[in-house]
Every structure is written in C-alpha cells, then in structure tokens.
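Here are some exercises to work through with the model open beside you. Try each task yourself before reading its solution.

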Amino acid sequence: ESSAETTGLSMDLGRSAAKNAAETVKLRFNSAFNLARLVAQNAATIQQEKGDRDALARAALDATRTAPDLIGSWIEFAPDAFDGADAANVDSKALTHDGRGRVSMYAVNSPEGPKLQANSDPMVDINTQDYFGIPFRSGKETVIEPYAYPVNGKSVLMTSLAVPIVVNGKT
C-alpha cells in the first residue's frame, strides 16, 4: 500500500511539474511570437510610409530592448523589396543591410544593451537560409529548427520565430 501511494503521489507531482513547464514554454513562445508580429508590422508600416533603413534599425533595436531574455530580433526584406535601393547600399558600412545591399539587420542583446550586429555571411543568398526562406515562401509564421549562429562573438544554439512581413497583401 505504501509503495502504491508513493507511486501515485510521485506521478501526480510529475504531471503537475510537466503541466507547469508546458505553460511556461507556451507563454515564452506566445510572448516571442507577439514581439515578432509587432516587428513585422512595424517593418511593413515603415516601408509603406517610405521610411528609411535607420527607422527599421530603430524598430529592431527597440523590440530587442523590450525583451532582454531573448537573443535579439531581426528584419529582412527580399532583394529591392524595401526601398529599391539595394544597389546604392552595396558598399556602405552601415549595419542595416548585407553585402548585396539588401535590407538585413539583426539587433542583439549584449552586456552593453541592444546593438546591431554585423552580418555573419554578408554575401549569402538569403533565400537559401531557412529563417528567411521558409516563412517568405509560405507566407506563414514559422518556428525554425535550432541552429548555431554567432552572437556577440560566440556561437549560440538558437531557434528563430519568423513572421513574414506583408505589405499590400504581398510577402
């Protein structure tokens, strides 16, 4: 009887712990997706209002500032989809685009606060990267399989919660 009672109590405790852990994970994912949705909406609004790349950078930095428990937030646009000025930004040293001039920015949390991080592979075709290509092609929110990526000079295992930027019904 004692063994059966102990087993039953242990199972109840395990179920309760698992339920609490699941709720915590669900809350973290929902909070992160809500932030990603806000970033996507802000990026779409900035593009529609003919804002500049610095305004996008501020949106990414502000989003990252509000979530110090996340690694960061990012904004990517397909080639020439933001302002049609990719060619004019190829040689710029600003951290608002990749080596091809396309809008590509990653704001990360660092010990000094949120900052834009240089692109780790500025010449890569963004369409080949899951974190961009999957939600861009599907038009759907996506959780990307964990991958290693350099952040603040260290390789970090992370996942991306990706929300497509939609302007006038077009991803």
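**Exercise 1. Work out how strand β2 (residues 104–108) pairs with β3, and place the two strands in their sheet.**

Step 1. β2 and β3 run antiparallel and share three bridges; strands are DSSP runs of E with at least two residues, helices are runs of H or I with at least four residues, and both are numbered from the N terminus. Two strands count as paired if DSSP finds at least two bridges between them.

Step 2. For a point to check by eye, find Val108: Lys115 of β3 stands opposite.

Step 3. Now widen the view to the open sheet, where three strands follow the order β1-β2-β3 with antiparallel pairing. Its edges are β1 (72–76) and β3 (115–117), each of which pairs on one side only. From one strand to the next the twist averages 30 degrees.

Step 4. Helix α2 (residues 53–65) lies across β1, β2 and β3, at about 30 degrees to β2. Such angles run from 0 to 180 degrees between N-to-C directions, with axes fitted to C-alpha atoms, for helices over the stretch in contact.

A note before going on: this is a predicted model, in which local features need pLDDT of at least 70 and side-chain atom pairs count only at pLDDT 80 or more, while totals for chains, interfaces and linings use all residues. Residues are numbered from 1 along each chain as its sequence is written, and side-chain values use heavy atoms, leaving out hydrogens and water.

**Exercise 2. Describe the hairpin of β5 and β6.**

Step 1. Strands β5 (residues 147–151) and β6 (residues 154–158) pair in the antiparallel sense over five bridges. Within this pairing, Tyr149 has Val156 of β6 as its bridge partner.

Step 2. Two residues sit between the strands, and Asn152 takes a positive phi near 50 degrees.

**Exercise 3. Which residues of helix α3 (residues 130–138) are buried, and what do they pack against?**

Step 1. The buried residues are Tyr131, Phe132, Gly133 and Pro135. Buried means under 20% relative accessible area, exposed means over 50%, and partly exposed lies in between (1.4 Å probe, protein chains only).

Step 2. These buried residues pack against β1, β4 (142–143), β5 and β7 (161–162), where contact means heavy atoms within 4.5 Å.

Step 3. Just after α3 comes Gly139, with a positive phi near 75 degrees.

**Exercise 4. Compare the salt bridges Asp12 to Arg15 and Glu141 to Arg37.**

Step 1. Recall the criterion: a side-chain nitrogen of Lys or Arg lies within 4 Å of a carboxyl oxygen of Asp or Glu. The whole structure has eight salt bridges.

Step 2. In the pair Asp12 and Arg15, the closest N and O atoms are 3.1 Å apart. The two residues are three apart in helix α1, so about one helical turn separates them. As a reminder, an α-helix has 3.6 residues a turn, so residues three or four places apart point the same way.

Step 3. Glu141 and Arg37 meet at 2.7 Å, N to O. This pair links distant parts of the chain, 104 residues apart: Glu141 is in the loop between α3 and β4, and Arg37 is in helix α1.

Step 4. Why does Glu141 count as partly exposed? Because its relative accessibility is 37%. Arg37 also counts as partly exposed, at 34%.
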